[in-house]
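Let's take a walk through a protein together. Keep the picture open beside you and look for each part as we get to it.

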Amino acid sequence: MATDELRSPLLPPRRPRRVSSAAATLALLLVAGLGPLPSACCGTSRSRHSPRSSPPDPVELTLLAAAHDKGAVCLDGSPPGYHLQTGSGAGSRSWLIHLEGGGWCNTVRSCSGRRTTDLGSSKFMQTRINFTGTLSNDPALNPDFYSWNRVFVRYCDGASFAGDSQHGDQDGNGKLFFRGRRIWEAVLDELMQKGLAHSEQALLTGCSAGGLATLLHCDDFRARFSSEVLVKCLPDAGFFLNVEDISGQRSMRSVYSGVVHLQNVTEVLPKDCLLANKDPTECFFPAEIIKSVRTPTFIMNSAYDSWQVQNVVAPDSSSPDESWRRCRADIRSCNSSQIQVLNGFRKAMVDGLKAVGDNKDCSWFIDSCFSHCQAWFDNSPWDTPVAPRLGNKTLVEAVGDWYFGRSPSQAVREIGCEYPCNPTCNSLQLPAQFTTDLYYGKEKSDRLVV
């Protein structure tokens with residue numbers, strides 16, 4: 001199968017447009033006989049969760065009209081945008097910047113297709129969205145960052161805010177603008193004018209392709225502030241692996257190769273990697289990027305990342321049989337030999353992380369849940385009664401303790417045991433199709449066309 005026909009690898013899960021009736025189903029699952037979660041594996045959590053008293057206020061989209069003069073435009077030439085909810089009180093001089101995810105486009109054909117979606121044009125972006133997870137302004141759900149200035153940066157370049165080139169479109173009648181790096185710079189420049197330059201503490205984060213962007217831009221983000229400002233980075237589900245799929249091919253490397261060469265991302269790649277004469281495509285993978293990151297970073301990922309199981313381990317291009325199709329959709333359907341393959345994937349992730357050696361500025365929280373993006377979806381386990389736990393901490397506790405230095409050691413390195421030993425996530429594991437419906441609503445099928 002040609003690379004530009006790989007549909008799923010180009011579109012990881014995105015922000016939900018609405019909560020469908022699946023949410024009610026989830027509630028019933030929790031009530032109807034599943035009972036309390038066992039705690040023998042990972043201890044009990046210091047729960048800080050309580051019901052929200054009112055729904056979140058939608059946050060308006062801001063377009064950077066002046067960015068056109070800098071060439072900072074979406075794939076179709078429209079202006080980029082972001083959503084900003086201003087902080088208050090003690091958080092008024094603290095900033096959290098979240099980079100949206102949404103896969104990549106690695107060919108002229110796939111990039112041309114994205115121009116008529118919110119992943120390639122601000123003309124199709126929602127003008128108002130709800131902030132959830134790490135962006136929530138509810139202290140019960142987001143106790144450490146709820147009062148900060150929180151920003152959701154829209155993703156419309158197809159290369160993790162990294163490219164800088166242009167190309168004729170598929171029909172030969174127009175241009176494709178690969179200007180992700182300029183968008184990153186233009187958004188940050190405007191936010192600096194709006195108060196980011198005066199911040200006392202800042203956190204750069206992102207999900208999926210946005211998680212990769214967080215790693216790529218982490219040190220550049222740090223360089224914008226004085227040494228007195230506390231600056232850290234939190235990539236969520238952005239640790240994509242360069243491994244063989246079940247057919248022996250490296251499908252993800254093929255996708256990344258197209259992105260790197262079509263969109264010209266060399267400028268943001270780690271210089272140490274390039275100077276070692278490694279292929280630029282290899283330098284686009286997180287296992288290489290983290291070797292050069294000097295800013296304190298907390299890598300949040302599942303060792304059984306559901307998107308990577310479906311699109312890196314057993315992608316459509318590997319011609320998976322029916323058994324693998326069931327396994328990649330729901331890990332509970334995997335047989336023992338398939339679990340062995342997934343354990344090999346887990347080992348590759350752990351080995352990639354440990355390559356940083358004794359760098360105390362690199363921390364991680366790697367659980368065993370079959371999930372992708374855990375810190376910002378409406379239905380994520382960010383801070384709920386069923387949040388996964390490692391080292392007696394939930395995600396929200398682990399991130400907060402790491403950022404504010406409440407942990408006993410500088411480097412926080414938690415790696416969960418092999419599936420299915422952690423009952424705090426796997427006992428309530430839902431099928432991938434269920435969670436996809438929950439994130440997108442039933443119109444999700446319209447979002448997968450490249």
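Start with Cys156, which is buried because its relative accessible area is 1%, and buried means under 20% here. What does Cys156 pair up with? Its partner is Cys74, and the two are joined by a disulfide with an S to S distance of 2.1 Å. Now look at how this pair ties the chain together: Cys74 lies in the loop between strand S1 (59–63) and strand S2 (81–85), while Cys156 lies in the loop between strand S5 (149–153) and strand S6 (165–168). The two cysteines are 82 residues apart, so the pair links distant parts of the chain. Cys74 is tucked away too: it counts as buried because its relative accessibility is 0%. As for the twist, the torsion about the S-S bond of Cys74 and Cys156 is about -75 degrees, so this disulfide is left-handed.

Keep in mind that this is a predicted model. How many disulfides does a search of the whole structure find? It finds seven, and we can visit a couple of others.

One of them joins Cys105 to Cys111, with the sulfurs 2.1 Å apart. Here the torsion about the S-S bond is about 95 degrees, so the Cys105 and Cys111 disulfide is right-handed. Both Cys105 and Cys111 are buried. Another disulfide is formed by Cys327 and Cys334, whose sulfur atoms sit 1.9 Å apart. With 85 degrees about the S-S bond, the Cys327 and Cys334 link is right-handed, and both of its cysteines are buried.

Now for a cysteine with another story. Why does Cys362 have no bond to Cys218? The closest cysteine sulfur to that of Cys362 is the one in Cys218, but it is 9.7 Å away, which is too far for a bond; a disulfide needs the sulfur atoms within 2.5 Å. Cys362 is also buried, because its relative accessible area is 4%.

Let's step back to the whole chain. The protein chain has 14 helices and 14 strands. Of its 450 residues, 57% are buried. Among the contacts with a separation of 6 or more, 79% are between residues 24 or more positions apart. On the outside, the chain exposes about 17,200 Å², and carbon and sulfur atoms supply 50% of that.

Next, find two helices that pack against each other. Two packed helices are described by the angle between their axes and the distance between the axes. Helix H9 (residues 306–313) and helix H11 (residues 336–354) pack at about 105 degrees, with their axes 12 Å apart. That angle makes H9 roughly perpendicular to H11. Which residues meet there? From H9 come Gln308, Val309, Val312 and Val313, and from H11 come Val341, Leu342, Phe345 and Met349. Sorted by type, the residues of this contact are seven nonpolar, one polar and no charged.

Our last stop is Gly258, found in helix H5 (residues 251–263). Is Gly258 buried or exposed? It is buried, because its relative accessible area is 18% and the cut-off is under 20%. Leaving aside neighbours within four places in sequence, Gly258 is in contact with Asn106 and Gln263. You can also find Thr281, which is 23 residues from Gly258 along the chain, with 8.6 Å between their C-alpha atoms.

Notes: Residues numbered from 1 in each chain as written. Predicted model: local features only at pLDDT ≥ 70, side-chain atom pairs only at ≥ 80, totals over all residues. Heavy atoms only, no water. Helix = DSSP H or I, 4+ residues; strand = E, 2+ residues; numbered from the N terminus. Buried < 20%, exposed > 50% of the residue type's maximum accessible area, 1.4 Å probe, protein only. Contact = heavy atoms within 4.5 Å. Areas by Shrake-Rupley, 256 points an atom, 1.4 Å probe, with all protein chains shown as cover. Axes fitted to C-alpha atoms, helices over the stretch in contact; angles between N-to-C directions. Parallel < 35°, antiparallel > 145°, perpendicular 65-115°, else oblique. Nonpolar A, V, L, I, M, F, W, Y, C, P; charged D, E, K, R; others polar.
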